[in-house]
Amino acid sequence: MQEIKCPKCGEVFQVDESGYAAIVKQVRDKEFEKEISTRETQFLAEKNSAVKLAQIEVEKQLNEKINQKDLQISELQAKISAETDAKKLAVTEISTEKDKEIEKLKAQINSCEKDMELAVNKVAGEKDKELAEKDKHIVKLSAQIETSEKENQLKEQALKDQYEEKLRFKDEEIAHYKDFKARLSTKMVGESLEQHCEIEFNRIRPTGFQNAYFEKDNDAKTGSKGDYIYKETDENGVEFISIMFEMKNEMDSTSTKKKNEDFFKELDKDRREKNCEYAVLVSLLEPDSEYYNSGIVDVSHKFPKMYVIRPQFFIPMITLLRNAALNSLKYRQELEIIKNQNIDISHFEENMNEFKEKFARNYELASKKFQTAIEEIDKTIDHLQKTKDALLSSENNLRLANNKAEDLSIKRLTRNNPTMTAMFAQLEDKSK
């Protein structure tokens, strides 16, 4: 059992190994779902933005073409108008010249009545010839104008047909682009889907995947193998994520169309045999399936930690799983620190209990020796007391002896001793 403190209420509660694993899974799944939701929103926004940009670009190009067409039509209309004005001017000039000639003829008729008929006939013949030539010229100009108008009409129709063809082509391109987006297709960089994924990963490897391992699975000892294995370690060399990849292209199948689900069981088997945490199927199968075209598809309800993606989600899938694993690694490290702290506390309690036991044993031994020392001291005190009493008794005897010595006199020495009395008497007499 382990103690965990709630960061909100501060309550301390105990959890067992299963509870601890459930907490770790809950934290990791929430972070993973949050990251997937964020990425999915971002991808949808990028998709809509790309479609809008493409539509705007196509509309811009079409507007430019239409403006050019209108400009060319305006130029043609200006040319037609100029030619019409030139035609009217030519007719006006001819009419003016004709009027001048008529006036001249009238003047000649008035001045020369005799030669009037001849002159008139001559002038009439010349004028008829000139008029015929003028009419021919007018007819020729009219024919040229009609030809020019027809050419302009043909050019205008050709331009209309050309722009309609371009519009139709653009519409087809837009439809193709929409279908391209709807299918979530991808442009292969290499000759196969495997090469495409390998090239795409090698492009981003120097940007933050220096400790990553991404190689083909060449180990077929167990009877089967995946396509690629991805593994990554932290700065201490501890592996924190591993993914088994399987790539399936529509061209890889036979005439019988395969489904993505046909490869789940084998992929899960390869993942378990190669000790990988996740399994990812990068597939172009079932291109019309809205389920698999919707983005990253989680099929963990059928096989644990398994996902199906289109090739354009290959790099985002690695990034999502890697970030989730890094967050999980951080939580695992923090829980490991807490676990080590709990272990240190238990070791401290064991050391303290061991110290208390040893201290109690040493105290008991020291207490016994102290008691023995007290008893010895008591014995010594008794012995010293006896010695003291003996010394006090000797002092009393010496005092009595001293008192007796002080009370000693010649009279007491000579008392009842006639000899000594006679000797002291003689000494006193001599001294006198």
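**Entry 1: the hairpin**

I count two strands as paired if DSSP finds at least two bridges between them. I am working on a predicted model. I started at β4 and β5. These two strands form a hairpin, and five residues lie between them. I checked the turn for a positive phi and found one at Gly237, at about 85°. The pairing of β4 with β5 is antiparallel and runs over six bridges. For a register mark I took Glu232, which stands opposite Ile241 in β5.

**Entry 2: the whole chain**

I stepped back to the totals. The protein chain has 432 residues, and 23% of them count as buried. I listed eight helices and eight strands. The exposed area comes to about 30700 Å². Carbon and sulfur atoms supply 54% of that area. I then looked at contacts between residues at least 6 apart in sequence: 60% of them join residues at least 24 apart.

**Entry 3: the sheet**

Which strands make up the open sheet, and in what order? I traced six, in the order β3-β4-β5-β6-β8-β7, with mixed pairing. The edges are β3 (212–216) and β7 (297–298); each has a single partner strand, so one side of each lacks a neighbour in the sheet.

I followed β5 to its other partner. β5 and β6 are parallel, again with six bridges. Here Ile243 stands opposite Tyr278 in β6. At the β7 edge, β7 pairs with β8 (residues 306–309) in the antiparallel sense, over two bridges. Asp298 faces Tyr307 of β8 there, the two standing opposite each other.

Is β5 mostly covered or mostly exposed? It is mostly covered: I count nine of its ten residues as buried.

**Entry 4: helices across the sheet**

I looked up what lies across the strands. Helix α3 (residues 193–208) lies across β3, β4 (228–233), β5 (239–248) and β6 (278–283). Its direction is at about 165° to β3. Helix α4 (residues 264–273) lies across β5, β6 and β8. I noted an angle of about 140° between α4 and β6.

**Entry 5: two buried acids**

I picked out Glu246, in strand β5. Its relative accessible area is 10%, so Glu246 is buried under the 20% cut-off. I left aside neighbours within four places in sequence and listed the contacts of Glu246. They are Lys225, Gly226, Asp227, Leu267, Val280, Leu281 and Val282.

Next I took Asp268, in helix α4. At 6% relative accessibility, Asp268 counts as buried too. With the neighbours within four places left aside, Asp268 is in contact with Phe303, Pro304 and Met306. I checked the spacing to Pro304. Asp268 and Pro304 are 36 residues apart in sequence, and their C-alpha atoms are 8.0 Å apart.

**Entry 6: aromatic pairs**

How many aromatic pairs does the structure hold? I count ten. One of them joins Phe201 and Phe209: the ring centres are 5.7 Å apart and the planes stand at 65°, so I call the pair edge-to-face. Both Phe201 and Phe209 are buried. Phe264 and Phe303 make another pair, with centres 6.4 Å apart and planes at 75°, so this one is edge-to-face as well. This pair links distant parts of the chain. Phe264 is in helix α4 and Phe303 in the loop between β7 and β8, 39 residues apart. I looked up the cover of Phe264 and found it buried, at a relative accessible area of 1%.

I then followed the ring pairs from residue to residue. They link Phe201, Phe209, Phe214, Tyr228, Tyr230, Phe245 and Phe314 into a cluster.

**Entry 7: charges over rings**

I turned to charged ends that sit over rings. Arg322 places its charged end over the ring of Phe209, 4.6 Å from the centre. So I have two notes on this ring: Phe209 pairs with Phe201 in the edge-to-face sense, and Phe209 has the charged end of Arg322 over its ring.

Lys305 does likewise at Tyr278. Its charged end sits over the Tyr278 ring, 5.4 Å from the centre. I had met Tyr278 before, in β6, where it stands opposite Ile243.

Notes
Residues are numbered from 1 along each chain as its sequence is written. This is a predicted model: local features need pLDDT of at least 70, side-chain atom pairs count only at pLDDT 80 or more; totals for chains, interfaces and linings use all residues. Side-chain values use heavy atoms; hydrogens and water are left out. Helices (H or I, at least four residues) and strands (E, at least two) are DSSP runs, numbered from the N terminus. Contact means heavy atoms within 4.5 Å. Axes are lines fitted to C-alpha atoms, for helices over the stretch in contact, and angles run from 0 to 180 degrees between N-to-C directions. Rings of Phe, Tyr and Trp (its six-membered ring) pair if their centres lie within 6.5 Å; planes under 30 degrees apart count as stacked, over 60 as edge-to-face and the rest as tilted. Buried means under 20% relative accessible area, exposed over 50%, partly exposed in between (1.4 Å probe, protein chains only). A charge sits over a ring if NZ of Lys or CZ of Arg is within 6 Å of the ring centre and within 35 degrees of the ring normal. Accessible areas come from the Shrake-Rupley method with a 1.4 Å probe; for residues, only the protein chains shown count as cover.
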